[in-house]
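Hi everyone, thanks for coming. I'd like to walk you through a structure that may be new to you, so please have the sequence and the 3D view open.

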Amino acid sequence: MTIQWFPGHMAKARREVTEKLKLVDVIFELVDARIPVSSSNPMLEEIIHQKKRVIILNKADMADEKVTQAWIRHFKEKGLIAVAVNSQQGKNMHAIEKAAEALMAEKFARLRERGMRPRAIRAMILGIPNVGKSTLINRLAKKNIAKTGNKPGVTKAQQWIKVGKALELLDTPGILWPKFEDQEVGYKLALTGAIKDDLLNMEDIAGFGLTFIHTHYPNQFQQWNQVASKSDTGAEWLKEIAERKGFLDRYGEADYGRAAELVVREIRTQKVGRLSFDFPEKEEMKHAENVDC
Ligand code: G4P
């Protein structure tokens, strides 16, 4: 689902999220592991206030493993828990429950000290469209959906999903908007399939992708395109690809548009391999190891 966001939509989305926030102890902020910053909501911290959150780096199977590891380290240094998962194949799901337990450990220990038995942790998923919210919910749900409409503070029937022993997940996610003001963020969202193609110029998206991959993943770039190294702008590469593939317009000139479509499709479908488009600070990249997802 791709939504075009207008101020009215944003206000409504925010209201809906604020309502649901009252029901939960923990937020699962779902982002795309390839672009953890670009796929986050610009106002998330303001919207969730002090609510505890786990950052879930989804689609880790498509991201550069070393960069994902560096992101986890980056968030840890900021005092945040991040976990990398692949919701499509159900990889590393247990890490989500573990992270939620870690966040609530102190509070629950205090309850125990006062002789109370802690209840299940209640959580909800928040994220921009297409980041994998439904896939994750379905993956976690299996068949454990329970209707628990009469909990205090629940005005209309909410479905909760039991996840393991310690966790209950709200069955509908909160949908928030991406950061669309920044053009580079827009390109990254388009390259990862988070926003519709027709919102941005295809040749610009492809040009950005080619330049980015050439700069950050030179070996993968060469293997993928086999373009002559003398070219070094998006437009030149597109021309070269169009001519090599025989994509010509009715005047026999290179069809940049078709070449751009091919480039974007191949980046999205991992013909270039696993890529990340947001990087943390250089320092944090140094000790990065692979994460298996
Ligand atoms: P949403 O609720 O946040 O809007 O996202 P949704 O679950 O619908 O997922 C969007 C697309 O991302 C889906 O692809 C889904 O299969 C894919 N996806 C979700 N999690 C993962 C993951 O961990 N790894 C990979 N590789 N893909 C994941 P789709 O149904 O094919 O949609 P589309 O490709 O037509 O956009």
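**Around the ligand**

Let's begin with S134: a polar atom of its side chain lies 2.6 Å from an oxygen atom of the ligand. Taken as a whole, the protein covers 64% of the 720 Å² of accessible area that the ligand has on its own. Before I go further, please keep in mind that this is a predicted model.

Which other residues should you look for here? There are 15 residues around the ligand, and the ones that come nearest are D61, N130, K133, S134 and T135. Take D61: one of its polar side-chain atoms lies 2.8 Å from a nitrogen atom of the ligand. With V131 the backbone is involved, as a backbone N or O atom of that residue lies 3.2 Å from an oxygen atom of the ligand.

What kinds of residues make up the shell around the ligand? Eight are polar, four are nonpolar and three are charged. If you want to know where they come from, turn to helix α5, residues 133-141, which gives the largest share of the shell, three residues.

Stay with N130 for a moment, one of the residues that come nearest to the ligand. You will find N130 in the loop between β4 (121-127) and α5. Its phi is positive, about 75 degrees, although N130 is not a glycine. N130 is partly exposed, with a relative accessible area of 28%.

There is another residue with a backbone angle like this to show you. H49, which is not a glycine either, has a positive phi near 55 degrees. Its place is the loop between α2 and β2 (52-58). Is H49 buried or exposed? At 62% relative accessibility, H49 counts as exposed.

**Aromatic rings**

Now let's move on to the rings. How many aromatic pairs are there in this model? The count comes to nine. I'd like to pick out one of them, Y217 with F279: the centres are 6.3 Å apart and the planes are at 35 degrees, and the pair is tilted.

Why pick that pair? Y217 sits in the loop between α7 (202-216) and α8 (218-225), while F279 sits in the loop between α10 (256-268) and α11 (282-286), so the pair ties together parts that are 62 residues apart in sequence. As for their surroundings, Y217 is buried, at 7% relative accessible area, whereas F279 is partly exposed, at 29%.

These two rings also have company. Y187, F208, F212, Y217, F277 and F279 form one aromatic cluster. Try selecting those six in your viewer.

One more ring is worth a look, that of W160. The charged end of R122 sits over the W160 ring, 5.9 Å from the ring centre.

**A few more places to visit**

Let me stay with that part of the chain and look at D278. D278 is in the loop between α10 and α11 and counts as buried, at 6% relative accessibility. Which residue, 210 residues away along the chain, should we compare it with? That is T68: the C-alpha atoms of D278 and T68 are separated by 9.6 Å.

Helix α7 is where you will find G207. G207 is buried, with a relative accessible area of 12%. From G207 to T233 you count 26 residues in sequence, and their C-alpha atoms are 7.4 Å apart in space.

Next comes K162 in strand β6, residues 159-163. K162 counts as partly exposed, at 36% relative accessibility. K162 and K142 are 20 residues apart in sequence, with 9.2 Å from C-alpha to C-alpha.

My last stop is S39, in the loop between β1 (26-32) and α2 (44-48). With a relative accessible area of 2%, S39 is buried. What does the side chain of S39 reach? It reaches the backbone oxygen of I35, at 2.7 Å.

To wrap up, here are two places to revisit in your own viewer. One is the ligand, with D61, N130, K133, S134 and T135 coming nearest. The other is the aromatic cluster that includes Y217 and F279. Thanks for listening, and I'm happy to take questions.

Technical notes: Residues are numbered from 1 along each chain as its sequence is written. This is a predicted model: local features need pLDDT of at least 70, side-chain atom pairs count only at pLDDT 80 or more; totals for chains, interfaces and linings use all residues. Side-chain values use heavy atoms; hydrogens and water are left out. A residue is near a molecule or strand if one of its heavy atoms lies within 4 Å of it. A polar contact is a pair of N or O atoms within 3.5 Å; within protein, one must be able to donate a hydrogen and the other to accept it, and residues adjacent in sequence count only if both atoms are side-chain atoms. Accessible areas come from the Shrake-Rupley method with a 1.4 Å probe; for residues, only the protein chains shown count as cover. Helices (H or I, at least four residues) and strands (E, at least two) are DSSP runs, numbered from the N terminus. Ala, Val, Leu, Ile, Met, Phe, Trp, Tyr, Cys and Pro count as nonpolar, Asp, Glu, Lys and Arg as charged, and the others, Gly among them, as polar. Rings of Phe, Tyr and Trp (its six-membered ring) pair if their centres lie within 6.5 Å; planes under 30 degrees apart count as stacked, over 60 as edge-to-face and the rest as tilted. Buried means under 20% relative accessible area, exposed over 50%, partly exposed in between (1.4 Å probe, protein chains only). A charge sits over a ring if NZ of Lys or CZ of Arg is within 6 Å of the ring centre and within 35 degrees of the ring normal.
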